[in-house]
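I opened this notebook to record what I looked up in one structure. The entries follow the order in which I consulted it.

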Amino acid sequence: MQIDNFKVEDWFNEYEKLAKYDMADTCVESLSIDELFNIIGNKENYLKEITARRLTYGDIQGSDRLHNAIRSLYNHDYSLLSRPITITHGAIGANSLVMQALIEKGDKVVSIVPTYQQHYSIPKSLGADVHLVFLKEEHNWGIDLDELRKVVGNNTKLICMNNPNNPTGSVMPEETLNEIVKIAKVNDSYILCDEVYRGLEHNRQISKSITDIYEKGISTGSMSKVFSLAGLRLGWIISPKEVMDKIIVHREYNTISVSILDDYFAALALENKEKILDRNLKKILEGKKIMSDWVKSEPHISWIEPQGGTTCLLKYDMNISSVDLCKQLLNDTGVLFLPASTLEMEGYLRAGYCSDISKLQLGLERFSDWLKSHSL
Ligand SMILES: Cc1ncc(COP(=O)(O)O)c(C=O)c1O
């Protein structure tokens, strides 16, 4: 199977290790296991429990305890059977499984971009006819519903989206989500909503999950961003039963189960979700304030202030490609951004502002000095 290079991953593979100031990371500062126990308490008991466990495959679809903890993130009031869950290798595994299960050659897929590249490159590699609908800067990185209405047709199998959005940090208002659902419903299309940043809405108004408002909605999520536990490599899918039946067939070929250690720690963290969310939202707002003050003071940079998640797009006014800018900047200063051309958004940099807040200010100052000496 031929597939396009994953441009963001290529960038990180080549340059991340060289960064002194990593302004490109998408996680809220990761938790150590000790920090996790400081938050949830009872370390000795939990450690005793987990170190006594035999390292079997565990529950193949994930433990009941984990499923219940995940369900607490949703407002499902329908029967469990109609909305099964499975546990995956991160959200990356989740998205990939959904596409493998749903997409066949010739299917039409509409992907709302910019987004995580999986959402258009995997369907393309499976032979789908993929249409991109770009979020619009003039709409504060919101969607143009009229354009979406024109592109989605009765042959559209799947609409892919990511809410809150990486990279723009926009959050879809509930009315917009409802409108997208209407468009999908009329055309009998599935919607895959990658919800890995859901819970990190900056005003603490958590967005509705697509599975809570649409019977053909599929939600993917994970422990990586919202809970700062990317090292667990644990994600999930919630989908209608007929989709899950197909997902399970594919999952049996590439997952079996996730580690019982990941399952255990994820359940513990989710059972204490309010405390972790509180920590993370404080860090996000702290980082966003630093970034916002810097953008105001920096004549060469502008942005649409992010409303959710951990990332933003910085627009620059220099006549240089984003890849060249990022390479030169890294080489001269050790400051790492992601060139947004890797996300089909030339002329922008993607920044994360809450993964290492201690270095954020310094990194931005280095960038300002560099811009002063390079601007035309
Ligand atoms: C929108 C989006 N989806 C999925 C992923 C993959 O996350 P995970 O670590 O859960 O595999 C990322 C990671 O950056 C992401 O930004």
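The entries below treat the sheets, then the helices, then the ligand.

**Entry 1: the seven-stranded sheet**

I noted at the outset that the model is predicted. I then asked in what order the strands of the open sheet of seven stand. I read the order as 2-8-7-6-5-3-4, with mixed pairing. Strand 2 (85–88) and strand 4 (129–134) each have a single partner strand and stand at the edges, so one side of each is left without a neighbour in the sheet. From one strand to the next, I found an average twist of 20°. As a reminder to myself, strands of a sheet pair through backbone hydrogen bonds, either parallel or antiparallel.

**Entry 2: pairs within that sheet**

I began at one edge. Strand 2 is antiparallel to strand 8, and four bridges join the two. Opposite Ile87 I found Trp236, in strand 8. I also looked up the side chains of strand 2: Ile85 and Ile87 point one way, Thr86 and Thr88 point the other way, and all are buried.

I then turned to the other edge. Strand 3 (residues 108–113) runs parallel to strand 4, and six bridges connect them. Ser111 has Leu132 of strand 4 opposite. Strand 3 also pairs in the parallel sense with strand 5, over four bridges. In that pairing, Val109 has Leu158 of strand 5 as its bridge partner.

**Entry 3: strand 5**

Why did I mark strand 5 as largely enclosed by the rest of the structure? Six of its seven residues are buried, which is the reason. Strand 5 (156–162) also runs parallel to strand 6, to which five bridges join it. Met161 has Cys193, in strand 6, as its bridge partner.

**Entry 4: helix 5 against the sheet**

I asked which strands helix 5 (residues 90–102) lies across. They are strand 2, strand 5, strand 6 (190–194), strand 7 (217–222) and strand 8 (235–238). The helix runs at about 155° to strand 7.

**Entry 5: helix 10**

I checked the length of helix 10 (residues 241–254) against expectation. Its 14 residues, at 1.5 Å a residue, should span 20 Å, and the end C-alpha atoms are 20 Å apart, which agrees. Val243, Met244, Ile247 and Arg251 are buried in this helix. The buried residues of helix 10 pack against helix 5 and against strands 2, 6, 7 and 8. After the helix comes Ile256, where I read a positive phi, near 60°.

**Entry 6: helix 11 and Ala266**

I made the same check for helix 11 (residues 260–271). The expected span of its twelve residues at 1.5 Å a residue is 16 Å, and the end C-alpha atoms lie 16 Å apart, which agrees. The buried residues of helix 11 include Asp262, Asp263, Phe265 and Leu268. Among the elements covering its buried residues are helix 2 (33–40), helix 3 (43–51), helix 4 (64–71), strand 2 and helix 12 (273–297).

Ala266 lies in this helix, and I asked whether Ala266 is buried or exposed. I counted Ala266 as buried because 28 other C-beta atoms lie within 10 Å, where the cut-off for a buried residue is 20 or more. Leaving out residues up to four places away in sequence, Ala266 touches Leu66, Met223, Leu232 and Leu234. I also compared Ala266 with Asn68: they are 198 residues apart in sequence, and their C-alpha atoms are 11 Å apart in space.

**Entry 7: the ligand**

I asked which residues come nearest to the ligand. Of the 13 residues around the ligand, they are Gly90, Ala91, Ile92, Ser222 and Ser224. Helix 5 gives the most to this shell, with three residues. By kind, the shell has five nonpolar residues, seven polar and one charged.

**Entry 8: the four-stranded sheet**

I closed with an open sheet of four strands, which pair in the antiparallel sense in the order 9-10-13-12. Its edge strands are strand 9 (301–303) and strand 12 (338–339), each of which pairs on one side only. Two bridges join strand 12 to strand 13 (residues 348–352), and the two strands are antiparallel. The bridge partner of Pro339 is Leu349, in strand 13.

Note on methods. Residues numbered from 1 in each chain as written. Predicted model: local features only at pLDDT ≥ 70, side-chain atom pairs only at ≥ 80, totals over all residues. Pairing = 2+ DSSP bridges. Axes fitted to C-alpha atoms, helices over the stretch in contact; angles between N-to-C directions. Contact = placed C-beta atoms within 7 Å. Expected span 1.5 Å × (residues − 1). Buried ≥ 20, exposed ≤ 12 C-beta atoms within 10 Å, placed from the backbone. Near = placed C-beta within 6 Å. Nonpolar A, V, L, I, M, F, W, Y, C, P; charged D, E, K, R; others polar.
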